[in-house]
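Here is a casual walk through the side-chain contacts of one protein chain. Have a look at the structure first, then read on.

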Amino acid sequence: MSTDFGFIKVASAVPSVKVADCDYNTSEIIALMRKADDEGVALVVFPELCLTAYTCADLFTQPFLIEASEHSLGRIVEESKAIKTLAVVGMPVEIGGRLFNCAIVVGNGKIYGAVPKTYLPNYGEFYEARWFSPSPLSGVTEIILCGQKIPFGNLLFNAGDAVVGIEICEDLWTPIPPSSYEALHGANVIVNLSASNDMVGKHQYLTSLVKQQSARTISAYIYASCGYGESSTDLVFGGSSYIVENGSVLAEGKRFEMNSQMIVADIDLEKIKAQRLHQKTFYSSVESKIDFTTVDIEMREDSGVHEVKRYFEPYPFIPNDDRTMSERCEEIFSIQINGFAQRYIASYSKCAVIGISGGLDSTLALLVAVRTMDKLGLSRKNVLGVTMPGFGTTGRTYNNAINLMKELGITIREISIKDACVQHFKDIDLPLTDRSVTYENGQARMRTLILMDLANKEGGLVVGTGDLSELALGWATYNGDHMSMYGVNTSVPKTLVKYLVKWVALDGTDEKAKPYLLDIVDTPISPELLPADEKGNIAQKTEDLVGPYELHDFFLYNYVRFGFGPKKLYFMAQRAFDGKYENKVIKKWLVTFMRRFFNQQFKRSALPDGPKVGSVSLSPRGDWRMPSDAQSKMWLAEADMIETE
């Protein structure tokens with residue numbers, strides 16, 4: 001299957017069927033195959049025994065039905081000559097007097113193979129062993145079907161970047177499903193042809209089961225269960241269908257539909273590959289005792305080439321519903337508090353020293369510190385907040401810093417850095433009119449010097465305030481705000497910091513601090529190292545200089561987590577931020593991200609300890625190990641080639 005940035009379009013189809021009416025069922029299947037082809041689908045999966053219907057019972061012992069199903073398969077094979085989509089259908093197959101419940105892979109006028117069901121249910125209404133034999137009893141590796149000699153048994157289907165493994169219904173419900181072994185042998189797309197009846201509570205369990213198996217195998221999982229028309233005698237089949245990628249549901253069909261239906265989604269094979277590369281225990285976790293035969297499928301040149309319609313989350317660090325957001329904030333805040341509590345106790349600190357600027361990052365660090373004291377049963381006076389006005393400090397941030405510290409009940413110190421900086425600039429012969437990086441970084445280092453020396457004097461610990469986004473971009477002064485004794489925000493991205501501060505403001509614990517917290521949330525992000533404008537407002541806005549943090553956090557998540565290259569990052573960002581940023585703007589800040597991410601690694605190599613809170617972290621002690629002198633040339637060259645028109 002040809003791919004576009006690793007994406008292929010797949011489908012799960014649930015045809016309307018009539019029990020034991022192969023002609024009708026086949027016509028419905030062919031109609032869905034044509035529809036899938038029209039939509040650019042590379043692979044479509046149908047339910048278990050869909051040619052005959054699943055609930056044929058003792059009719060499966062009738063040779064007439066078996067022959068009719070093979071004739072119907074022949075119709076599908078003939079139809080597939082004009083269809084680029086690969087199809088997987090279910091039917092009974094007789095071999096040497098034994099009947100097998102099989103999945104058949106069809107495309108290009110060929111039958112590529114037949115995979116029999118491994119585990120047969122033999123309880124209650126599902127007594128398949130009455131009619132079928134399980135996979136291990138076949139004893140054959142090739143069969144003749146519709147006049148074609150095809151492989152039979154434990155098969156994997158190699159279709160370009162996609163390696164397809166197959167299991168059938170009950171196989172998924174076993175302690176070690178066949179798909180676990182298939183994934184260990186390289187399958188990155190698992191399909192399940194199913195016939196699972198509906199009853200109260202079962203759907204939720206099934207959903208969990210499919211998601212978990214997809215996550216466990218780090219694969220795309222396409223599930224299709226039979227629906228309308230199968231309901232017969234004592235059972236009702238709702239037609240559950242899913243397309244899941246590493247535990248995340250990309251598409252889910254409606255149950256209890258009376259007409260044929262199909263769900264479609266784009267799965268990302270590059271993402272699956274990256275996740276398997278990252279999780280080294282994946283291939284070493286189980287020693288497979290099953291041998292698989294790989295069947296190569298020659299896909300047509302234009303097969304799978306399509307417009308990707310997949311949704312890309314613009315804010316990957318932020319849940320998109322209020323309930324999950326609240327739960328996430330509480331969990332992150334708890335991780336920060338517990339990590340800092342351990343460091344505070346283990347270091348025998350008498351106080352926590354924090355530089356308070358009136359900005360988001362220092363506010364979050366302060367909130368973590370005071371809640372840590374609450375949890376340890378210590379006075380909030382053990383938190384020493386230091387505001388250090390400089391040349392760019394504005395009235396808004398200064399007043400918010402002072403008022404916030406007062407309302408939180410901590411110890412307050414105010415130490416201006418102006419005189420010390422003026423003397424320092426004289427010492428190094430820097431003109432006072434200079435506005436270079438030396439002018440800015442000198443102030444940041446002066447603040448860190450004050451905090452460090454004050455912590456030594458008070459027997460305290462300097463709490464770092466820098467966040468994950470700043471570390472990714474190197475937007476920190478080396479040995480200035482870059483350095484601390486414990487960085488509580490070190491793996492919290494900038495886009496999430498705002499939500500955490502707002503969540504604390506609204507949780508009702510520190511009601512008097514609420515108005516100042518909410519105003520801090522609304523304050524433009526700035527280091528305030530350059531003088532304010534003529535109206536006393538912030539003149540130096542970080543996002544004007546380095547770019548929108550929401551874009552950088554999008555790049556950061558998808559680059560570090562999945563290793564996507566510049567072209568794919570651009571492609572995804574275009575769709576994630578459609579209508580918000582022009583293409584040339586996305587490219588501009590993508591180039592900035594790539595350049596700064598590589599060039600600023602030396603700062604991350606000397607990163608203080610801090611709690612890991614999410615799947616993306618840049619600690620050099622385990623999460624992100626990168627040479628400080630790695631070259632960005634190849635990444636920047638690819639980014640430069642991006643066409644924005």
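## Rings and charges

Let's start with the aromatic side chains: Tyr-315, Phe-554, Phe-555, Tyr-559, Phe-577, Tyr-581, Phe-593, Phe-597, Phe-598, Trp-624 and Trp-635 are linked by ring pairs into a cluster. Keep in mind that this is a predicted model.

Searching the whole structure turns up 31 aromatic pairs. One of them brings together Phe-60 and Trp-131, with 6.3 Å from centre to centre and 55° between the planes, so the pair counts as tilted, being neither under 30 nor over 60 degrees. Phe-60 is in the loop between β2 (43–45) and α2 (63–79), while Trp-131 is in the loop between β7 (126–127) and β8 (142–145), so this pair links distant parts of the chain, 71 residues apart. Are these two rings buried or exposed? Phe-60 has 2% relative accessibility and counts as buried, and Trp-131, at 19%, counts as buried because the cut-off is under 20%.

Now for the charged side chains. The model has 28 salt bridges, and here are three of them:

| Salt bridge | Closest N and O atoms |
|---|---|
| Glu-245 with Lys-271 | 4.0 Å |
| Lys-494 with Asp-467 | 2.9 Å |
| Lys-580 with Glu-550 | 2.8 Å |

What does the bridge between Glu-245 and Lys-271 tie together? Glu-245 belongs to strand β14 (residues 241–245) and Lys-271 to helix α5 (residues 269–278), so the pair ties together parts that are 26 residues apart in sequence. Both Glu-245 and Lys-271 are buried. Lys-271 has a ring contact as well: it lies over the face of Phe-562, 4.5 Å from the ring centre.

Lys-494 and Asp-467 also link distant parts of the chain, 27 residues apart: Lys-494 sits in helix α12 (residues 494–506), and Asp-467 is in the loop between β21 (460–464) and α11 (468–473). Lys-494 is buried, at a relative accessible area of 6%, and Asp-467 counts as buried at 0% relative accessibility. The charged end of Lys-494 is over the ring of Tyr-549 too, 5.1 Å from its centre.

Then there's Lys-580, in the loop between α16 (566–576) and α17 (583–599), whose partner Glu-550 is in helix α15 (residues 549–562), 30 residues apart. Lys-580 is partly exposed, with a relative accessible area of 48%, whereas Glu-550 is buried, at 13%.

Finally, salt bridges with shared partners join Arg-371, Asp-374, Arg-380, Asp-507 and Asp-510 into one network.

Technical notes
Residues are numbered from 1 along each chain as its sequence is written. This is a predicted model: local features need pLDDT of at least 70, side-chain atom pairs count only at pLDDT 80 or more; totals for chains, interfaces and linings use all residues. Side-chain values use heavy atoms; hydrogens and water are left out. Helices (H or I, at least four residues) and strands (E, at least two) are DSSP runs, numbered from the N terminus. Buried means under 20% relative accessible area, exposed over 50%, partly exposed in between (1.4 Å probe, protein chains only). Rings of Phe, Tyr and Trp (its six-membered ring) pair if their centres lie within 6.5 Å; planes under 30 degrees apart count as stacked, over 60 as edge-to-face and the rest as tilted. A charge sits over a ring if NZ of Lys or CZ of Arg is within 6 Å of the ring centre and within 35 degrees of the ring normal.
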